[in-house]
Structures are given as structure tokens and as C-alpha cells.
Amino acid sequence: MSPADASPGFTGLGFIGLGAMGAPIARRLLAAHGQLAVFDTRAEAMRPLTEAGAVACGSPAEVADAAEVVFVSLPDPEAMPAVLDGPDGLLRGRAIRHLVDVSTTGPAVAARLREILDAAKVGYLDAPVSGGPTGAAEGRLTVMAAARPEVFAETGPLLEAFAGQVVLVGDEPGQGQLVKVLNNLMSASALAITAEALALAVKAGLDPGRFLDAVNAGSGRNTASADKFPRCVLPRTFDYGFRGQLMTKDVTLALSEAARQQVPMMVGGTVGQLWTLVGAEQDADADCTEIAKLVEGWAGVTIGQAGAHDR
Ligand code: NAD
């Protein structure tokens with residue numbers, strides 16, 4: 001699909017929240033459509049985008065004055081209703097027709113957004129993403145989309161600028177959020193158990209690289225063993241690009257939905273406790289892969305190139 005085909009009839013696109021995920025997604029939208037109005041509470045986050053040709057705005061309302069379709073990628077689900085409906089919120093803008101939420105806000109916040117947007121007659125594409133900053137930069141994110149058919153028909157093609165795969169999971173916004181928080185609960189569980197298994201392997205004298213080679217050729221393979229540990233933990237870079245606090249947020253969102261729906265989660269509950277500990281013990285900026293450091297501390301080993309026992 002050519003860029004011109006990709007935005008049927010939209011005079012403007014906008015983007016709010018230019019962080020680890022938002023910035024590369026916004027960059028690809030700008031490259032595909034030649035125009036983008038942007039806003040972030042941090043001026044320095046807007047600079048690389050404006051240097052590439054985007055127009056900086058002073059508030060969400062200003063973005064929604066310039067853009068018919070506004071994307072948001074924000075870290076705090078509780079902030080979303082204000083970004084939409086606050087004094088400087090998106091709904092004060094005159095051009096906005098559709099909101100595309102690529103953040104992970106969870107099903108409960110999505111239900112509130114749905115009410116606000118329905119009342120304002122603004123379309124809502126619930127479109128959380130998976131694949132990390134690298135997947136975003138390379139245009140191969142997976143989008144877990146949910147929207148009413150008429151909204152998806154209009155806005156779905158815009159996702160092609162940054163998605164490798166779009167899975168339409170339902171026609172009720174919020175369903176994408178449920179899939180996404182469950183996806184992250186599974187991913188968070190994989191990180192936790194891989195850290196524990198590697199700590200034991202290293203303490204018992206095994207080489208961590210060879211351990212991962214064997215597991216990745218076996219049935220223990222997961223996204224932590226195949227990607228996050230070889231790329232970010234063994235070389236001690238801890239730079240996957242997804243903050244541990246965001247993972248804690250997503251696990252908590254999944255577990256609150258489980259509680260609301262009265263679905264027991266014995267494994268999920270334990271994983272939730274571990275990520276609550278990560279949230280309490282590590283800095284707000286710590287990468288999700290730094291969960292390994294917590295487990296290393298308990299086991300008294302370092303997983304990685306040192307590969308040896310600390311004590
Ligand atoms: P981030 O903290 O790197 O970036 C968030 C950006 O939003 C920052 O630039 C911040 O200044 C800005 N911001 C915060 N509040 C704002 C407001 N009220 N108005 C305007 N800008 C505001 O977070 P991130 O990693 O980019 O994550 C964003 C969302 O994407 C989260 O919901 C996260 O769970 C989800 N997500 C992240 C990843 C990842 O690998 N990083 C992957 C999939 C989904």
C-alpha cells in the first residue's frame with residue numbers, strides 16, 4: 001500500500017507521548033504520511049520529531065485541532081481520561097474524528113475511554129502493541145486491535161506504517177487491552193522464571209550462553225531466553241527499552257481484571273508479587289531485564305559474561 005492510500009481522506013495525523021515506543025512509531029507515521037502534529041510534556045522528546053518535519057503542539061487540544069486521527073502512547077493509564085477530557089484535552093480540539101490508543105491502558109480504563117469517546121462521537125481504535133522499541137523502529141510491531149467495524153475500516157490501514165502484523169481480536173474497544181495485558185503477564189512470567197533458572201544454572205557452574213543455547217533448542221524456549229537474556233542480560237547492557245515499572249503496571253492490570261472476572265491466577269499471583277517487588281526495589285527508569293539483578297542478589301551470582309559466582 002502506498003503512503004497516499006494508507007490515510008484515506010484524513011487531512012492530518014497527530015501523536016501524543018513520544019517515549020521509547022511513541023517516538024519510533026511517530027517517526028514511521030511521519031515518514032509514511034509526510035505530516036504529523038506532536039505533543040509530549042517533555043520538550044526534548046519532541047525535538048527529534050520536529051527536526052524530521054513534525055509540527056510541535058503545546059497541548060493535546062492543539063494536536064486535536066490539527067489532526068483528524070490522533071495516536072496516543074502514554075505510560076500512565078490513569079492519566080488517559082484527563083488527556084482526553086481535561087481542560088486542554090483532545091476533545092477540546094475541533095478536527096479530531098478518531099483516537100488510536102497504542103498504549104497499554106488495560107480493560108477498565110478502556111471502558112471509561114469508550115464512554116467518553118462515544119459521548120463525544122469520536123471513533124476509538126484500541127490498538128496496544130507488542131514488539132518493543134526495536135520492533136517499532138523496524139515497522140514490525142504486532143497490534144492487538146479492537147474497534148467497531150466502521151472505525152477499523154477507516155483507521156486500520158494507518159497501522160501499516162509501523163505494524164508487521166495486525167490481529168483484530170474483537171469489535172469492542174478494550175478487548176485489545178485484555179489480550180495485551182495477558183500477553184504481558186505471560187512475557188513477565190517468562191522473564192521471571194528465566195532469571196531464576198539461569199541463576200541456578202550459573203551457581204551450579206554452567207556457562208549461561210551455552211545454557212541458553214540448549215534451552216532455546218529445547219522446549220523451555222521463550223521470549224526472555226531467546227531474546228531479552230542473550231541481548232540485554234548476558235552482555236550486561238540491560239537496554240531492552242521497556243521499563244520494569246511498565247511491566248509491573250501491565251501485570252497489575254491483568255491481575256485486577258482476573259479478580260474482577262473471578263478467575264483464579266495462582267501462577268500469575270506469584271509473578272505479580274515478584275514484579276511488585278521490582279517496582280518497589282528498582283528505579284523508575286530501570287529496564288525490565290533488570291529483574292535479573294534482583295534474582296542474582298538473592299542467589300549470590302552474576303548471570304552474564306562474568307558468568308562466575310560472586311560469592
Ligand atoms: P516512556 O515512559 O518511554 O514514554 C512515555 C512518554 O509519554 C514520555 O515521553 C513522557 O514524557 C510522555 N508523557 C507522559 N505523560 C504525558 C502526558 N500527560 N501528555 C503528553 N505526554 C506525556 O514509555 P513507553 O515505553 O514509550 O511506553 C508507552 C506505552 O506503550 C505504555 O503504555 C507501555 O506499557 C506501552 N508499551 C511499551 C513497550 C516498550 O517496549 N517500551 C512495548 C509495548 C507497549
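**Burial, disulfides and overall form of a predicted model**

Q: Does C232 count as buried or exposed?
A: Buried means under 20% relative accessible area, exposed over 50%, and partly exposed in between (1.4 Å probe, protein chains only). The relative accessibility of C232 is 0% in this predicted model, so C232 counts as buried.

Residues are numbered from 1 along each chain as its sequence is written. The model is predicted, so local features need pLDDT of at least 70 and side-chain atom pairs count only at pLDDT 80 or more, whereas totals for chains, interfaces and linings use all residues; side-chain values use heavy atoms, with hydrogens and water left out.

Q: How many disulfides does the structure hold, and which cysteine sulfur is nearest to that of C232?
A: A disulfide is a pair of cysteine sulfur atoms within 2.5 Å, and the structure holds zero of them. C232 is accordingly in no disulfide. Its nearest cysteine sulfur, 7.6 Å away, belongs to C288.

Q: What is the radius of gyration of the protein chain?
A: The chain has 14 helices (H or I, at least four residues) and nine strands (E, at least two), taken as DSSP runs. For 311 residues the globule rule (2.2 Å times the number of residues to the power 0.38) gives 19 Å. The chain's value, taken over C-alpha atoms, is close to this, so the chain is as compact as a globular protein of that length, with a radius of gyration of 20 Å.

Q: What share of the residues in the protein chain is buried?
A: The protein chain has 311 residues. One of the buried residues is C57, at 8% relative accessibility. Buried residues make up 52%.
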